[in-house]
Each structure stands twice: as C-alpha cells, then as structure tokens.
Amino acid sequence: ADQVVCLPQLPGALTQVGEALGLSLHSSSDWAPTPSDCNVSERLVAMEFLARSNISLLQFVDDVFSLQSTAFGINQSCLADNLFCHWWRHKFAGGAKRQSVICINGSLAADSLNTPVGGELPKLVESMMILGIKVDPELCFQPLLDACVSKYMNQGRTLCTQLRDHLIGLPLQVQELHRRVEPSALFGIVAVASYAGGWATAASRLDTAQYAVLKEVLGIAGVSLGLGGRVRLMHELGVAMRLSTRVAVLIATVRARALSLTPNFDAWKSFAAACSCKGSNWLRDAELITTRLSPVLDFPAYEPALVILRLGGHEASKRAVQCWKRHVLLPAAWAMERVWVQQQVGDWEARHSSPRPVVRSTWTLLKGVLWSRTTWKYFRMWTLARLTNELPLRVLWSRQFSCDSPPCPLCPEKCSLHHVLYRCRAVSYTH
C-alpha cells in the first residue's frame with residue numbers, strides 16, 4: 001500500500017482526545033480548534049489522531065520514508081511497520097542499516113522512540129541519505145557540499161593516476177574527468193542551491209576543487225600559478241567552463257523541469273505547494289541562481305517552450321526544457337564565462353609575459369595516441385614553462401629543486417624562461 005492509516009480502535013477515542021485538548025469535533029473530517037490552554041505539542045498530538053491520513057509513507061524502490069511531526073507519529077509508523085512485517089512475512093534490514101530518524105529543525109529525545117521494529121529501536125541520526133542527497137537536521141547542506149567536493153577531488157586524482165599508468169594522453173583524461181567523475185561525485189549537488197552559506201561560497205568551493213583537480217591532471221599539484229593562472233590552466237587543458245557554472249546550469253535546468261511538471265506526476269503537489277509558499281525554499285533559491293546566469297527570458301516566460309507544453313505529446317516536458325536550455329540558458333552561461341575569462345586574462349597579462357597559449361588543433365593529433373612516460377615528461381615541462389614563465393626545473397628535479405628562479409649561468413640575472421628567450425645576450429638562436 002502507498003499509504004498506511006493508523007487510528008484508535010474505539011470511535012469514541014477521537015471525541016475524548018478532542019475534548020481533552022480543547023478541540024470541538026464535529027465529524028471525523030470536519031473539526032475546528034477552540035481556545036484552550038493546550039500547548040503546541042499537545043495540539044500536534046491531536047492532529048496525529050484527527051488527520052485523515054495519520055501516517056504518510058513515501059517509497060523509492062527499496063527505501064521507505066515516513067514524514068511525522070511528533071514522536072507519537074513515529075511510534076505509530078513503527079507499529080505499522082511491524083504489522084506489515086507480520087502480514088507480509090517481511091523483515092526490514094537490521095544492524096547499522098536499521099530504521100533511523102532525523103529531526104529537522106527541532107529537538108527529539110531518544111527515549112521518546114519506544115516502539116521497536118524487528119526487535120530494534122530506531123536510531124536517532126545527525127544526517128540521512130535521501131535519494132543520494134545527504135540531508136542534515138538544519139537543512140544547511142554543509143555536509144552535502146563537503147562530501148561532493150571531497151569525492152570530486154579524490155575521484156579526480158584516482159582517475160588521472162590510473163589513466164596515466166595506462167599511457168592515456170591528456171586530452172582523454174580531461175574528457176573522462178567530465179564524463180565519469182562529475183556525474184558520480186556531484187550526484188545530488190542541485191540541493192546546494194539552498195546552501196546556508198550562500199551560493200557565492202558554494203561556487204567558490206566548487207571552482208577551487210576544479211582548479212586543484214586540473215593541476216593534478218597536469219601533475220603540478222604543488223605549483224602556484226598566481227593571479228589569472230586558473231584561466232590559463234583551463235585553456236591549456238581545454239576546459240571551457242568553470243565547475244560552478246556547470247552546476248548552476250544544472251540547477252536552473254532542474255528548476256525548469258520542476259516547473260513544467262503536470263498533475264499526473266507524483267512530485268507535482270510538492271512543487272505546487274512550494275510555488276505558493278511565501279517562505280524560503282529550494283525553488284526560490286534556484287530562481288536566484290538562474291537569475292545570476294542572466295538569461296534573456298526565464299523558462300515560464302519563454303514562449304516556444306510553452307507552446308511545446310501546450311501541444312503535449314511524448315515527453316513534452318523534457319523537450320520544452322531542452323528547448324529553453326539550448327536557446328536561452330546555455331548562451332547566457334557562455335556569455336558569463338567569456339566575461340570572466342576576459343577579466344582573468346587581463347590580470348594574467350598584467351603580471352606575466354609568457355609565450356602565446358598552445359593551439360588547440362594540436363590536441364586532435366595527440367588525442368588518439370598512447371603517451372609514453374617520456375612524452376608526458378616533456379609535455380609537462382613545456383606546459384609548465386608557458387604557465388609559470390620559468391625553466392621547468394620542477395619536472396626535472398621535483399624533489400631537490402626548491403628555488404623559483406635560479407641565477408642564469410651565463411649572466412648575473414635570474415634565469416626565467418622569458419630571460420632565456422628574449423633578454424639573455426649570451427644566448428643566440430640560429431634560424
């Protein structure tokens with residue numbers, strides 16, 4: 001059954017509870033509260049008795065969630081679980097995977113959970129995985145952001161090391177980073193739209209993690225590229241968009257998908273209630289993030305998408321969202337990235353004088369070939385020389401070398417790459 005209702009066995013119990021709590025009960029579905037000295041907890045207990053559906057169960061594959069407002073409701077839910085196990089000869093998981101309870105924005109005493117399920121009392125936890133999203137009691141989503149960032153960095157390092165050991169070149173490594181690591185590590189990241197620290201803080205953490213992983217890809221994790229170095233590194237590796245922008249596009253797309261749902265979807269009622277709610281919720285937070293991308297038109301105002309929804313048909317909602325994403329959202333995201341790149345390039349050119357960036361056409365030639373360790377070594381040397389404007393001694397003597405700019409052996413000046421190529425008079429080139 002999708003819903004389990006637990007009510008007292010005696011019909012007169014409803015009237016007795018209502019009278020005890022100051023509620024004038026007219027019928028089982030028509031009642032109104034009257035002034036009394038009852039506190040909020042007692043009124044919630046009354047609601048547990050008088051509501052039409054006392055226990056709401058949500059099932060996702062093999063996970064069942066029960067939403068309750070009091071410990072009484074939780075105990076009744078556990079009682080319903082026991083009855084289910086008795087009649088259907090079923091047994092829920094025990095031990096570490098036994099029933100758990102998380103209290104959202106409130107307090108709950110552990111001893112108030114007094115109804116065991118399968119011989120074990122439900123445990124009170126500080127966080128719970130719901131459909132792959134780590135939910136905390138305050139709904140600040142700090143644990144979720146920490147877990148996603150940590151998983152992204154760990155999986156990125158592991159993937160790059162394994163591909164390098166199998167002689168896979170740099171272009172394919174970057175491609176697999178997008179195809180394998182991001183979908184796995186950032187699963188459920190859309191909930192970070194309601195992160196308590198604000199989207200700016202979450203975006204900064206995501207971009208910092210991406211920067212660290214890209215340096216791991218190139219094998220220069222301990223090298224600081226300075227101001228503007230992030231955009232130069234992204235250009236060298238062929239990464240066109242920041243991780244925070246990709247996540248913002250994903251959040252905006254999920255919001256558009258939620259707004260395009262029809263009443264025949266189970267989640268429609270929840271999103272409809274969120275749209276009419278005046279308080280803060282995920283849809284409002286996602287709307288603010290969508291506004292940061294500066295699309296020309298929001299999804300509810302984009303007429304071609306609305307026409308697709310009105311015409312209906314197979315997967316009309318998905319087609320409408322893809323239409324808006326392709327023609328409005330992505331162009332706005334790319335425009336925002338171009339503005340950021342121009343700012344970063346200006347900062348880089350103000351502090352560095354290095355050779356021109358590598359031409360992207362050379363990546364096509366190197367993409368489908370195996371890279372030996374020698375190829376990797378010389379590619380890293382040349383890339384690091386362009387990025388840092390220094391001789392790539394870090395690659396040659398990574399353990400012993402610690403000086404950033406050693407003295408030139410031919411003149412008293414510091415031996416940087418720019419010095420060797422343009423300034424050192426003791427060096428001559430034959431064309």
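Throughout these legends, buried means under 20% relative accessible area, exposed means over 50%, and partly exposed is anything in between (1.4 Å probe, protein chains only). The model is a predicted one, so local features need pLDDT of at least 70 and side-chain atom pairs count only at pLDDT 80 or more, while totals for chains, interfaces and linings use all residues. Residues are numbered from 1 along each chain as its sequence is written, and side-chain values use heavy atoms, with hydrogens and water left out.

**Figure 1. The whole chain, before zooming in.** The secondary structure adds up to 16 helices and eight strands; helices (H or I, at least four residues) and strands (E, at least two) are DSSP runs, numbered from the N terminus. Of the chain's 431 residues, 39% count as buried. Take the contacts between residues at least 6 apart in sequence, and 63% of them join residues at least 24 apart. Contact here means heavy atoms within 4.5 Å.

**Figure 2. Helix H8, a mostly covered helix.** H8 covers residues 243-259, which makes 17 residues. From first C-alpha to last it reaches 25 Å, close to the 24 Å expected at 1.5 Å a residue; the expected span is 1.5 Å times one less than the number of residues. Twelve of the 17 residues of H8 are buried. Among them are Leu-243, Ser-244 and Thr-245 at the start of the list, and Arg-255, Ala-256 and Ala-258 at its end.

**Figure 3. Where H6 meets H8.** Two packed helices are described by the angle between their axes and the distance between the axes. For H6 (residues 199-218) and H8, that comes to an angle of about 130° and axes 7 Å apart. Axes are lines fitted to C-alpha atoms, for helices over the stretch in contact, and angles run from 0 to 180 degrees between N-to-C directions. H6 and H8 are therefore oblique to each other: angles under 35 degrees count as roughly parallel, over 145 as roughly antiparallel, 65 to 115 as roughly perpendicular, and the rest as oblique. On the H6 side, look for Trp-199, Ala-203, Leu-206, Asp-207 and Gln-210; H8 brings Leu-243, Ser-244, Val-247, Ala-248 and Ile-251. By class, the H6 and H8 contact has seven nonpolar residues, two polar and one charged. Ala, Val, Leu, Ile, Met, Phe, Trp, Tyr, Cys and Pro count as nonpolar, Asp, Glu, Lys and Arg as charged, and the others, Gly among them, as polar.

**Figure 4. H8 again, now with H10.** H8 and H10 (residues 282-292) pack at an angle of about 130°, and their axes are 9 Å apart. H8 and H10 are therefore oblique to each other. Their crossing is left-handed, meaning that the near helix is turned anticlockwise from the far one by less than a right angle; clockwise would be right-handed. H8 supplies Ala-248, Ile-251, Ala-252, Val-254, Arg-255 and Ala-258, and H10 answers with Trp-282, Leu-283, Ala-286, Glu-287, Ile-289 and Thr-290. The tally for the H8 and H10 contact is nine nonpolar, one polar and two charged.

**Figure 5. H4 alongside H6.** The axes of H4 (residues 142-165) and H6 come within 9 Å and cross at roughly 10°. That makes H4 roughly parallel to H6. The crossing of H4 and H6 is right-handed. Residues of H4 in the contact include Gln-142, Tyr-152, Arg-157 and Cys-160, while those of H6 include Ala-202, Arg-205, Val-213 and Glu-216. In classes, the contact of H4 with H6 has eleven nonpolar, three polar and five charged residues.

**Figure 6. Two charged residues under cover.** Arg-242 sits in the loop between H7 (229-237) and H8, and is buried, with a relative accessible area of 13%. Leaving aside neighbours within four places in sequence, Arg-242 is in contact with Asp-207, Gln-210, Met-234, Met-336, Glu-337 and Trp-340. Glu-176, in helix H5 (residues 170-185), is buried too, at 12% relative accessible area. With the same neighbours-within-four exclusion, Glu-176 is in contact with Leu-159, Leu-163 and Val-181. Glu-176 and Leu-159 are 17 residues apart in sequence and 8.3 Å apart in space, C-alpha to C-alpha.

**Figure 7. Loop residues with positive phi.** Asn-105 is in the loop between strands E5 (100-101) and E6 (123-124). Phi of Asn-105 is near 50°, a positive value in a residue other than glycine, and Asn-105 is exposed, with a relative accessible area of 58%. Leu-131 belongs to the loop between strands E7 (128-130) and E8 (133-135). Phi of Leu-131 is near 55°, again positive in a residue other than glycine, and Leu-131 is partly exposed at 44% relative accessible area.
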